[in-house]
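Here are some exercises to work through with the viewer open. Try each task yourself before you read the solution below it.

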2 protein chains.
Amino acid sequence: MATPMPQAEQREPDARRYAKLPDPFPMWRGGALHRAQIAYETWGRLNAARDNAVLLFTGLSPSAHAASSPEDPREGWWQRMLGPGLAIDTDPLFVVCVNSLGSCFGSTGPASSDPATGRPYRLSFPDLSVEDIARAGYEVARSLGIERVDTVIGPSLGGMVVLAYAALFPGAARRLVSISGTLAASPFAIALRSIQREAITSDPDWRQGNYATDRPPHTGMRLARKLGTVTYRSAAEWQQRFDRQPARPDLQRNEPFAPEFAVQGYLESQARRWVNAFDANCYLYLSRAMDRFDLEAHGEPVEVLRRAGVEQALVIGVESDLLFSIAEQRAVARALQAAGAATRFTPLQCIEGHDSFLIDIERFGREIRAFLG
Amino acid sequence: MATPMPQAEQREPDARRYAKLPDPFPMWRGGALHRAQIAYETWGRLNAARDNAVLLFTGLSPSAHAASSPEDPREGWWQRMLGPGLAIDTDPLFVVCVNSLGSCFGSTGPASSDPATGRPYRLSFPDLSVEDIARAGYEVARSLGIERVDTVIGPSLGGMVVLAYAALFPGAARRLVSISGTLAASPFAIALRSIQREAITSDPDWRQGNYATDRPPHTGMRLARKLGTVTYRSAAEWQQRFDRQPARPDLQRNEPFAPEFAVQGYLESQARRWVNAFDANCYLYLSRAMDRFDLEAHGEPVEVLRRAGVEQALVIGVESDLLFSIAEQRAVARALQAAGAATRFTPLQCIEGHDSFLIDIERFGREIRAFLG
């Protein structure tokens, strides 16, 4: 009887590199991390003058895998935006995308092992701020020998991070692109995010952050993700896309109040993918960091941005964005302009809400290409 | 030693009357109720011709207590709208407000006792539709000897009910006022409501609807109400009202991810009041009935409304409404106009979102007074 051949070990493709953060790495609201690291990916080549770097921060949930590369051919979260000849053109530019400090895709966060104990930090992770994410990205650039990036760019949470970057490191970015970000989290966004967090913390499986590896708080995370999905999109888009179509038959479970409409099936499939990909405590830390962000913590915003010495700025926002309103985009642009940056503000009419930057690559790409060009 | 004097028994003031529904009361999606009743309150006097009645349907959560009266001097949910000399003037008009079938403030619903078993219906309550709420209100009017109401009026869920009323009972309403309603629930509103329901049904205390009286699914209901509160208001209002003020000190609990901002404290206090006032199963039934509402179930909407024979209609909506968009208001108005009703459509600029009809009595009152006058 033939014994089965041992299969060649399958390794997931992986293009991540890691930068060690200074030890200790002081956190903005107190405490410090030891032996912390940041995962990042790069595209293109750093030129000899080291002045062609684009530093890309992400929204709350993505990894550093913004686009495919020879080491990792899988599609990235900004696949059609980033590459040779694309809007963020990796022929002339050297692009670095960082996985946020506090996240769970290779960077140190609440799910990482605390070197002092050998066990996961969980809620013993120090308070996380948008400023810490910015500083960690700055250290990645420094580790690559880059003193000043050509452009710092970020959407959503990343749109906050780029402002914190400018505030903390005057002169460290020549240009800045803020996409659907804000000068300070609004009470409406705080309300929505705090409900998402409460869905998780009130799930009995959360166990004050000490959930079992094989039993994370999936119920709370599913609710949080479903609500997130709603706040990332818009009523107009879903009217076009789903209208009142019935749910797929396989989602019409025989249980009380089961999904009946296609839009409910969509929420369910989005949620299922996410709860198996993201760590609950990391989510809680990152979500709260967004609520707490307020550029005024660094001083009067225009003065703060003037000290930053940004030469040019692009601010993009979307009329249908529920979480980061178009009024907030206008305020970011006005502050940058008043601070002396040559600022272009482009409110877009996309109907995909906050997530438009992930979907309407044509419109966003046109603006970004024109700015970077 | 003096014995304490027995206190006079305190009875809550109560202005409710009850109409028995026909037995059996057939439900629109099948099944029937027996010995069912509807709680209602009235203001003003029915005239001899019985042609001065205004039939008022409510949103999802209110009772029939729309305004104070000698029997119940407590403030009602539409206190400043309804009364002698007010926009809905109870000097010439006889106003009847009904507690929706399926609710829990005196009308038969899932929390009521099933006469067949003597125990609460819970999930054995038959499927509830907006049409059933309309029919129950129609039976209240008939029980008062009213064959044709002067005006049928309703906000939110009530805005759906008045359309169902017109569809089911041609000729039974001379005039119609739809406030922040819709011809059919939108996928965006369905998404938000289905997340609220899932918060409740995934609370272990819900127990498939069989929760203990002293242990209802408070965690799920609190989440559902908080999300409801967000969807009922608007980002612009909360920016003005809360900005980034800190939470009141008594809400800054010493627990992980406790509320930090005033807006979180507001959500918490709204939720606490509601979870002790509303029944979870009733909420689930009413919420799903809203998702399922689609006037097209009765035929092509304009044809349906033409058969209804409404002479005049008023449609009011609010630009900042997230749940019932201004586009939906316009669609209601166009259908009524095309159906031959002399229709006035007034989109209002209120910033209080869907709840504006409860708050901006000045603007809403002006429109309603002009229409009824």
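**Exercise 1. Find Arg122(A) and work out what its side chain reaches.**

Solution.
- Start with the address: Arg122(A) sits in the loop between β8 (94-98) and α1 (130-143) of chain A. Keep in mind that you're looking at a predicted model.
- Next, list the neighbours. Skipping residues within four places in sequence, Arg122(A) is in contact with Pro110(A), Gly209(A), Asn210(A), Tyr211(A), Asn281(A) and Tyr285(A).
- Now look for polar atoms. A polar atom of the Arg122(A) side chain lies 2.8 Å from the backbone oxygen of Gly209(A).
- The side chain of Arg122(A) also reaches the backbone oxygen of Tyr211(A), at 3.1 Å.
- For a sense of scale, take the C-alpha atoms of Arg122(A) and Phe188(A): they are 28 Å apart, with these positions 66 residues apart along the chain.

**Exercise 2. Describe the interface of chain A and chain B, starting from the residues in contact.**

Solution.
- Count the contacts: 49 residues of chain A touch 48 residues of chain B.
- Then get the area. The two chains bury about 4,000 Å² between them, and 71% of that is on carbon and sulfur atoms.
- Which three residues of chain A supply more of its buried area than any other three? They're Phe188(A), Arg244(A) and Phe257(A), with 21% of what chain A buries against chain B.
- Move on to charges: the rule finds 8 salt bridges across the interface. For a concrete case, pick Glu198(B) and Lys226(A), whose closest N and O atoms are 2.6 Å apart, inside the 4 Å cut-off for a salt bridge.
- For polar contacts, the count between the chains is 14 residue pairs, both partners at pLDDT 80 or more.
- Assign the chain A side to elements. Those giving two or more residues are α3 (187-201), α4 (218-232), α5 (235-241), α6 (262-275) and α7 (280-292) of chain A. α3(A) gives the most, with 11 residues.
- Finish with classes: the chain A side has 27 nonpolar, 9 polar and 13 charged residues.

**Exercise 3. Asp321(A) is buried; find out what its side chain pairs with.**

Solution.
- Locate Asp321(A) in the loop between β11 (312-318) and α9 (326-338) of chain A.
- Check for a salt bridge first. Asp321(A) has none, and the nearest side chain of opposite charge, Arg193(A), is 8.8 Å away. The salt-bridge cut-off is 4 Å.
- Then try polar contacts: the Asp321(A) side chain makes one with the side chain of His354(A), at 2.7 Å. His isn't counted as a charged residue here, so this pair doesn't go down as a salt bridge.
- Complete the surroundings. Beyond four places in sequence, Asp321(A) is in contact with Ser180(A), Gly353(A) and His354(A).

**Exercise 4. Are Ser100(B) and Phe125(B) buried or exposed, and what do they touch?**

Solution.
- Ser100(B) is in the loop between β8 (94-98) and β9 (113-114) of chain B. Its relative accessible area is 3%, so Ser100(B) is buried.
- Apart from residues up to four places away, Ser100(B) touches Thr58(B), Ser107(B), Ile133(B), Leu157(B) and Leu286(B).
- Phe125(B) is in the loop between β10 (119-120) and α1 (130-143) of chain B. Phe125(B) counts as buried because its relative accessible area is 2%, and the limit is under 20%.
- With neighbours within four places left out, the contacts of Phe125(B) are Met27(B), Leu33(B), Thr108(B), Gly109(B), Pro110(B) and Tyr285(B).
- Zoom in on one of these: the C-alpha atoms of Phe125(B) and Pro110(B) are 5.4 Å apart, though the residues are 15 apart along the chain.

**Exercise 5. Pick out the backbone oddities at Pro24(A), Pro24(B), Arg207(A) and Gln208(B).**

Solution.
- Check omega. The peptide bond from Asp23(A) to Pro24(A) is cis, with omega near 5°, and Pro24(A) lies in the loop between β1 (17-20) and β2 (25-26) of chain A.
- In chain B, the Asp23(B) to Pro24(B) bond is cis too, with omega near 5°.
- Check phi. Arg207(A) isn't a glycine, yet has a positive phi of about 50°; look in the loop between α3 and α4 of chain A.
- Gln208(B), also not a glycine, has a positive phi of about 50°. Gln208(B) is in the loop between α3 (187-201) and α4 (218-232) of chain B, and counts as partly exposed because its relative accessibility is 48%.

How values were computed:
Residues numbered from 1 in each chain as written. Chains lettered and ligands numbered in written order. Predicted model: local features only at pLDDT ≥ 70, side-chain atom pairs only at ≥ 80, totals over all residues. Heavy atoms only, no water. Helix = DSSP H or I, 4+ residues; strand = E, 2+ residues; numbered from the N terminus. Buried < 20%, exposed > 50% of the residue type's maximum accessible area, 1.4 Å probe, protein only. Polar contact = N/O pair within 3.5 Å; in protein donor to acceptor, adjacent residues only side chain to side chain. Contact = heavy atoms within 4.5 Å. Buried area = accessible area lost by both parts, 1.4 Å probe. Nonpolar A, V, L, I, M, F, W, Y, C, P; charged D, E, K, R; others polar.
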